[in-house]
Amino acid sequence: MRSIVAAFAALTLLAGCAGPGLSIPSESFEFELSGRIAVRYRDDAGSGFISWRHGPQNDEMLLTTPFGQGIARLVRAGDEFTLTTQDGREYRARDAESLTEQVLGFRLPLRGLADWVRGRAAVAPAQAPNRQQTNAAGRLIELEQSGWTVEYQEYEGANPSRLKLSYPGLELRVAVAEWK
């Protein structure tokens with residue numbers, strides 16, 4: 001019986017990895033990344049996969065759980081954000097933070113995150129970093145900005161590959177497997 005449960009869990013995990021990919025063409029994006037994400041929000045925790053394309057006017061982020069459930073797609077087209085849940089429901093707003101809080105239960109700081117994952121402070125008006133700490137090579141190892149603390153735990157080449165982002169009651173851990 002135990003081996004049947006283990007085999008089912010492995011197949012389910014593989015099915016989750018084979019879920020839908022990003023749909024917006026990659027030509028207009030500044031970067032694309034994929035990897036794992038872990039979220040701890042208050043007393044709840046979960047992990048899954050993240051695929052994200054970011055550009056000056058567009059974003060597309062796909063969040064999936066390891067078991068193929070809880071798929072969410074967040075798309076930004078200009079100033080309009082759409083979050084689509086696994087069951088096909090669409091939610092729209094003009095700001096990603098309130099939209100993700102309403103649907104996912106936590107605020108995803110998309111505005112700052114696009115810079116933070118690249119190892120730099122966000123370039124938001126009137127949002128100067130509260131504190132930055134760099135290593136001898138000039139790479140960020142810790143950043144405080146907009147109420148978030150970003151710890152850079154590892155770099156792969158020029159880009160961060162492991163980050164921990166903390167906000168009161170919320171922690172995101174991102175392990176980037178691939179940059180494009």
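**Close-up views of a predicted model**

**View 1. The hairpin of β4 and β5.** Two strands, β4 and β5, form a hairpin with 2 residues between them, and glycine 78 there has a positive phi near 70 degrees. The model is a predicted one. The two strands pair in the antiparallel sense over 6 bridges. One of the bridged pairs is alanine 77 with glutamate 80, the latter in β5.

**View 2. The two faces of β4.** In a regular strand, side chains alternate between the two faces of the sheet. Along β4, Ala72, Leu74 and Arg76 point to one face and are buried. Arg73, Val75 and Ala77 point to the other face and are not buried. On β3, which is joined to β4 by 6 bridges in an antiparallel arrangement, glutamate 60 has valine 75 of β4 as its bridge partner.

**View 3. The open sheet and its edges.** The sheet is open and has 11 strands, in the order β6-β5-β4-β3-β2-β1-β11-β10-β9-β8-β7, with antiparallel pairing. Because β6 (90-93) and β7 (131-134) each have a single partner strand, they stand at the edges, and one side of each is left without a neighbour in the sheet. On average, neighbouring strands of this sheet are turned by 15 degrees against each other, direction ignored. At the β7 edge, 4 bridges join β7 to β8 (residues 140-145), and the two strands run antiparallel. Glutamine 132 has leucine 143 of β8 as its bridge partner.

**View 4. Helix α2 across the sheet.** Helix α2 (residues 96-104) lies across β3 (58-64), β4 (72-77), β5 (80-85) and β6, and runs at about 15 degrees to β5. Glutamate 101 belongs to this helix. With a relative accessible area of 35%, glutamate 101 is partly exposed. Apart from neighbours within four places in sequence, glutamate 101 is in contact with Phe106 and Arg107. The side chains of glutamate 101 and arginine 107 are joined by a polar contact of 3.0 Å.

**View 5. Tryptophan 52 and the largest nonpolar core.** In soluble globular proteins, nonpolar side chains tend to be buried together. The largest nonpolar core in this model has 36 residues, and those with the most contacts inside it are Trp52, Met61, Leu74, Trp116 and Leu165. Leu74 is also one of the buried residues of β4 shown in View 2. Not counting residues up to four places away in sequence, tryptophan 52 touches Leu22, Phe31, Glu32, Leu33, Asp59, Glu60, Met61, Leu110, Leu113, Ala114 and Val117. Among these, Glu60 is the residue bridged to valine 75 in β4.

Key
Residues numbered from 1 in each chain as written. Predicted model: local features only at pLDDT ≥ 70, side-chain atom pairs only at ≥ 80, totals over all residues. Heavy atoms only, no water. Pairing = 2+ DSSP bridges. Axes fitted to C-alpha atoms, helices over the stretch in contact; angles between N-to-C directions. Contact = heavy atoms within 4.5 Å. Buried < 20%, exposed > 50% of the residue type's maximum accessible area, 1.4 Å probe, protein only. Core = buried A, V, L, I, M, F, W, Y, C linked by side-chain atoms within 4.5 Å. Polar contact = N/O pair within 3.5 Å; in protein donor to acceptor, adjacent residues only side chain to side chain.
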